[in-house]
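User: Hello! I am new to this structure and would love a close look at a single part of it, explained step by step.

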Amino acid sequence: MPRKLIAAAAQMGPISKTETRADAVARLIEMMREAKGRGCELVVFTELALTTFFPRWMIEDEAELDSYYEREMPNSATMPLFDEAKKLGIGFYLGYAELVVLNGVKRRFNTSILVNQSGEIIGKYRKVHLPGHAEPQPERAFQHLEKRYFEPGDLGFGVYKGFGGNMGMAICNDRRWPETYRVMGLQDVEMVMLGYNTPFGHVGEQAMDSLTLFHNHLSMQAGAYQNATWVVGTAKCGNEEGSAMGGQSVIIAPSGEIVAMAVTVEDEVITASCDLDMGETYKQTVFDFGGHRRPEHYGLIVERPEAIPPS
Ligand code: CDT
């Protein structure tokens with residue numbers, strides 16, 4: 001009996017600076033209902049899904065900066081999303097900016113949670129790979145100040161039991177790093193969920209920037225195939241406050257094949273029926289980790305000789 005999970009990526013078009021949490025949550029709920037209507041048990045929202053992508057600006061006023069973060073989850077603004085999920089019996093991944101006050105010190109994380117079909121949080125992840133800069137770059141039209149506004153996640157890449165399988169989370173820039181998938185692959189992950197906000201031209205090298213959409217898929221397809229896992233990648237995209245961001249949200253099978261892809265840069269739900277057993281075929285053959293991986297020969301943990309012997 002195959003373990004089928006019907007999953008959705010709920011891509012979001014831009015969220016303007018003036019949109020409230022209630023506005024964003026209403027959009028998420030509408031897409032959640034659409035996903036449920038198509039038989040989904042899980043909907044993957046994007047990174048920082050409740051606000052505009054504020055790291056594009058240098059924000060000096062602390063109260064203004066704080067206004068982009070959630071101090072608790074759920075809270076009064078997001079409770080309608082949790083209530084609707086419970087009513088519909090659908091789970092979700094949600095990205096948001098998290099502010100924790102510990103011993104009077106503010107700690108800021110770029111966070112995602114996994115909520116089950118009963119509306120309970122069953123997993124939490126804090127983004128590890130923070131791109132961009134800590135100081136503004138005057139030559140740039142838009143900043144990317146994630147290094148200023150967040151600290152690296154301290155929860156590791158956990159894998160959670162839920163939705164009939166082993167579920168993992170990552171956030172945006174994490175998707176470019178093989179370690180992200182491998183750490184979860186070594187925990188038998190069967191579906192990696194991630195949201196992203198990827199502005200065009202963010203590197204500042206034309207040759208590389210023209211490959212933004214290619215690199216987006218390349219990294220997720222490679223991560224899926226090499227770790228025999230499903231990957232659901234959900235964009236926030238379109239022209240947000242003058243910054244154009246890539247879309248092409250995808251659902252990728254353990255074969256590395258894209259089985260569903262968004263075609264707009266607006267709110268758009270894509271779905272796929274994901275056989276969670278599919279990865280097992282790969283894990284018993286080409287990616288039999290136990291049989292074929294040789295970490296003891298990778299040279300990382302093996303002592304190197306002090307000096308190369310004379311010839
Ligand atoms: N949000 C995020 O991590 N975006 C990065 C692009 C910006 S790098 C300056 C990404 O890897 O997609």
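User: Is glutamate 34 buried, partly exposed or exposed, and what is its relative accessible area? Please go on from there to the salt bridges and the surroundings of the ligand.

Analyst: Happy to help! Please keep in mind that this is a predicted model.

Glutamate 34 is partly exposed, because its relative accessible area of 39% falls between the 20% limit for buried and the 50% limit for exposed. The side chain of glutamate 34 meets that of arginine 38 in a salt bridge, with N and O 2.6 Å apart. Arginine 38 has a relative accessible area of 37%, so this residue is partly exposed as well. Their pairing belongs to a wider set, since the count of salt bridges comes to 23.

Another salt bridge leads us to the ligand. Lysine 127 pairs with glutamate 47, and their closest N and O atoms are 2.8 Å apart. Lys127 is also listed with Cys172, Asn173, Arg176 and Thr198 as the residues that come nearest to the ligand, out of 14 around it. By character, that shell divides into 3 nonpolar, 6 polar and 5 charged residues.

Now for the individual contacts. In the side chain of arginine 176, an N or O atom is 2.7 Å from an oxygen atom of the ligand. Arginine 175 places a polar side-chain atom 3.2 Å from a ligand oxygen. Glutamate 146 turns to a nitrogen atom of the ligand instead, with a polar side-chain atom 3.0 Å away. On its own the ligand would expose 360 Å², and the protein buries 94% of that area. As for its location, the ligand sits in the largest pocket.

Methods. Residues are numbered from 1 along each chain as its sequence is written. This is a predicted model: local features need pLDDT of at least 70, side-chain atom pairs count only at pLDDT 80 or more; totals for chains, interfaces and linings use all residues. Side-chain values use heavy atoms; hydrogens and water are left out. A residue is near a molecule or strand if one of its heavy atoms lies within 4 Å of it. A polar contact is a pair of N or O atoms within 3.5 Å; within protein, one must be able to donate a hydrogen and the other to accept it, and residues adjacent in sequence count only if both atoms are side-chain atoms. Accessible areas come from the Shrake-Rupley method with a 1.4 Å probe; for residues, only the protein chains shown count as cover. On a 1 Å grid over the protein atoms alone, a cavity is a set of points where a 1.4 Å probe fits but cannot get out, and a pocket is an open set with protein on both sides within 12 Å along at least five of seven lines; lining residues have an atom within 4 Å of a point. A molecule sits in a cavity or pocket if more than half of its atoms lie within 2 Å of its grid points. Ala, Val, Leu, Ile, Met, Phe, Trp, Tyr, Cys and Pro count as nonpolar, Asp, Glu, Lys and Arg as charged, and the others, Gly among them, as polar. A salt bridge is a side-chain nitrogen of Lys or Arg within 4 Å of a carboxyl oxygen of Asp or Glu. Buried means under 20% relative accessible area, exposed over 50%, partly exposed in between (1.4 Å probe, protein chains only).
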